[in-house]
Amino acid sequence: MYRIKEIYFTLQGEGFHTGRPSIFVRFSGCNLWSGFEKDRNTAICNWCDTDFVGIDGPNGGKYSVDQIAKILLDLWPSNNPSDPYVVCTGGEPLLQLDEKLINKFHSIGFEIGIETNGSMQPPDGIDWVCVSPKANADFILKTGDELKLVFPQNKINPKQYEKLSFDHFFIQPMDGINQKQNIKKSKEFIMKNPLWNLSLQTHKIMGIP
Ligand code: SF4
């Protein structure tokens with residue numbers, strides 16, 4: 001059984017596929033923070049803006065492969081002409097995502113994307129791998145389609161990733177109380193380093209999940 005925080009249909013808000021109709025499957029749990037505020041200061045990743053604790057979100061629960069597949073089929077709008085796309089996110093989806101679920105998603109006609117912190121190797125078969133490395137965390141997954149760096153982070157210089165095997169490199173300003181400064185710093189970095197593109201959290205601008 002997979003522990004799922006929430007499943008919902010939306011538009012991808014960030015990175016290369018911004019604007020693409022997608023079903024988000026948010027897996028419960030992360031290996032870099034418990035998700036509880038009392039642990040934030042001692043967490044490896046301490047600026048997270050996502051609630052990935054438990055299974056109590058929309059369409060959340062403990063599910064088998066077939067149950068998740070049915071939810072996806074029910075949620076994908078029958079009048080949407082784009083290729084069905086599921087984004088596996090978290091928390092850290094690679095704590096749970098396995099080949100059985102990947103094969104099921106493909107068998108019902110979905111392309112599969114993943115948003116991972118890069119601290120674990122994924123199973124085979126994922127169609128779009130987006131890695132978002134975190135300072136102080138193990139960084140193992142050094143290849144993929146998209147590297148999306150939340151910026152700035154102490155102890156991370158984006159240039160350390162430039163030689164890695166990714167097709168797209170994104171800088172995404174960190175949200176929070178310093179957001180304006182972070183946007184300015186992101187803009188300055190990208191203007192000087194043209195390998196990198198800007199990723200904004202457009203779902204927050206649009207007010208969608
Ligand atoms: S790795 Fe991602 S999900 Fe986990 S705590 Fe950090 S930002 Fe949140």
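**Group meeting: core, sheet and ligand shell of a predicted model**

Good morning. I begin with the largest nonpolar core, which holds 35 residues; those touching the most other members are Ile-4, Val-25, Ile-68, Val-86, Cys-88 and Leu-97. Several elements give two or more residues to this core: the strands β1 (2-11), β2 (21-27), β4 (85-89), β6 (128-131), β7 (143-151) and β8 (165-173), together with the helices α1 (65-75) and α2 (99-107). Please keep in mind that the model is predicted.

Let us take one core residue as an example. Which residues does Val-25 touch, leaving aside those up to four places away in sequence? They are Ile-4, Ile-7, Ile-68, Val-86 and Cys-88.

I turn now to the sheet. Nine strands form an open sheet with mixed pairing, and their order is β3-β1-β2-β4-β5-β6-β7-β8-β9. At the edges stand β3 (61-63) and β9 (196-198), each of which pairs on one side only. On average, neighbouring strands are turned by 30° against each other, direction ignored.

At the β3 edge, the pairing between β1 and β3 is antiparallel and covers three bridges. Here Arg-3 is placed opposite Lys-62 of β3. Towards the other end of the order, helix α3, residues 179-192, lies across β7, β8 and β9 and runs at about 140° to β8.

Finally, the ligand. Which residues are around the ligand? They are Cys-30, Leu-32, Trp-33, Cys-45, Cys-48, Thr-50, Phe-52, Gly-90, Gly-91, Glu-92, Asn-117 and Lys-134. By character, this shell consists of six nonpolar, four polar and two charged residues.

Thank you for your attention.

Note on methods:
Residues numbered from 1 in each chain as written. Predicted model: local features only at pLDDT ≥ 70, side-chain atom pairs only at ≥ 80, totals over all residues. Core = buried A, V, L, I, M, F, W, Y, C linked by C-beta atoms within 7 Å. Buried ≥ 20, exposed ≤ 12 C-beta atoms within 10 Å, placed from the backbone. Helix = DSSP H or I, 4+ residues; strand = E, 2+ residues; numbered from the N terminus. Contact = placed C-beta atoms within 7 Å. Near = placed C-beta within 6 Å. Nonpolar A, V, L, I, M, F, W, Y, C, P; charged D, E, K, R; others polar. Pairing = 2+ DSSP bridges. Axes fitted to C-alpha atoms, helices over the stretch in contact; angles between N-to-C directions.
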